[in-house]
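Student: I have a structure on my screen and do not know where to start. Can you show me how to read its features?

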Amino acid sequence: SIKNAASSIAHNMMSYYKGNLTGQTPGLLPQPYYWWETGAMFDQMIQYWYYTGDKTYNEVVIQGMMHQMSTDKDFMPSNQTLTEGNDDQAFWAFAAMSAAEMKFPEPPRKDVSWLALAQAVFNEQASRWETTRCGGGLRWQIFSWNKGYEYKNSISNGCFFQLAARLARYTGNQTYADWAVKTWDWMESTPLVTQQYNIYDGVDMKDNCTKPIPLEWTYNIGTFLMGAANLYNFVSVACLVPVSLD
């Protein structure tokens, strides 16, 4: 059955994860996997629970997400300052957003909620929106000492776009939708999006974001599609009529 197949895939994927074992760090996959990939994996496990009802991995997922949320409850753990970019942080926010949307069991701590974690990431990334160079957009990196700080890329801005759209749909708050539209408008103002809707990897700030790196990745397209679907739903419900987002 589909459910059995999903169970086999979930078990195989979680076999790579050792963070719940004694002496290991909750929320981290072993090398060579990156920090963001654990966030993406937990997102999938939340969806696995939602569609199958299988609670086998829930406690492991909650433990890992609580450990990596950091003391400021924003997925900015001190153990990731040499690797964490805006896109990395967003993948953990996606897991929290999925948990809120799918009514995943709330964290054991009363001062934490999945929605609040996603909102904290959004608020931080909105504060990083930069208009002094290239007219807007998010940098790839958060910290100036990391390679890629002078680079604005599609995945970081696409993740912000998606998170804003999902928050708009979930909360009904127009401010989130406004940020999603603002992000898309900025993307279209750069060479990152072509008239055929190719989405290129990024642009160098040293060139004032005028020369795109013409690499294309499926997750760039995917994160914008997810955001666009949520934004369409939000606008359709708000207007009570079908709308176009052309």
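Tutor: We will take the core, the disulfide, a buried polar residue and a surface patch in turn. Keep in mind that this is a predicted model.

Student: Let us begin inside. Which residues of the largest nonpolar core touch the most other members?

Tutor: First, the general idea. In soluble globular proteins, nonpolar side chains tend to be buried together. Here the largest nonpolar core has 67 residues, and Met-65, Phe-75, Trp-114, Phe-122 and Leu-163 touch the most other members. Several helices give two or more residues to this core, among them H1 (2-14), H2 (35-52), H5 (114-127) and H8 (218-239). Helix H4 gives the most, with 10 residues.

Student: Take Met-65. What is Met-65 in contact with, leaving aside its neighbours within four places in sequence?

Tutor: Look for Phe-42, Ile-46, Phe-75, Trp-92, Ala-95, Ala-96 and Trp-114.

Student: Next, the cysteines. How many disulfides does the structure hold?

Tutor: It holds 1 disulfide. To spot a disulfide, check the gap between two cysteine sulfur atoms; the cut-off is within 2.5 Å. The sulfur atoms of Cys-134 and Cys-209 are 2.0 Å apart, and these two form the disulfide. Their link is right-handed, with 80° about the S-S bond.

Student: Which parts does the pair tie together?

Tutor: Cys-134 lies in the loop between H5 and strand E1 (151-153), and Cys-209 in the loop between strand E2 (202-204) and E3, so the pair ties together parts that are 75 residues apart in sequence. Both Cys-134 and Cys-209 are buried.

Student: Where is the nearest cysteine sulfur to Cys-159?

Tutor: It belongs to Cys-209 and is 18 Å away; Cys-159 is in no disulfide. Buried means under 20% relative accessible area. Cys-159 has 1%, so Cys-159 is buried.

Student: Now Gln-125. Is Gln-125 buried or exposed?

Tutor: Apply the cut-off again. Gln-125 has a relative accessible area of 0%, so Gln-125 is buried. Find Gln-125 in helix H5. Not counting residues up to four places away in sequence, Gln-125 touches Asn-86, Gln-89, Ala-90, Leu-138 and Phe-160. Sequence and space are separate scales. Gln-125 and Asn-157 are 32 residues apart in sequence and 9.5 Å apart in space, C-alpha to C-alpha.

Student: Last, the surface. Which residues make the nonpolar surface patch of about 370 Å²?

Tutor: Ile-213, Leu-215, Trp-217 and Tyr-219 make that patch. Ile-213 sits in strand E3 (residues 212-213). Its relative accessibility is 34%, so Ile-213 counts as partly exposed.

Definitions and conventions: Residues numbered from 1 in each chain as written. Predicted model: local features only at pLDDT ≥ 70, side-chain atom pairs only at ≥ 80, totals over all residues. Heavy atoms only, no water. Patch = residues over 30% accessible without salt bridge, like charges linked within 9 Å, V, L, I, M, F, W, Y side chains within 5 Å. Areas by Shrake-Rupley, 256 points an atom, 1.4 Å probe, with all protein chains shown as cover. Salt bridge = Lys/Arg side-chain N within 4 Å of Asp/Glu carboxyl O. Helix = DSSP H or I, 4+ residues; strand = E, 2+ residues; numbered from the N terminus. Buried < 20%, exposed > 50% of the residue type's maximum accessible area, 1.4 Å probe, protein only. Core = buried A, V, L, I, M, F, W, Y, C linked by side-chain atoms within 4.5 Å. Contact = heavy atoms within 4.5 Å.
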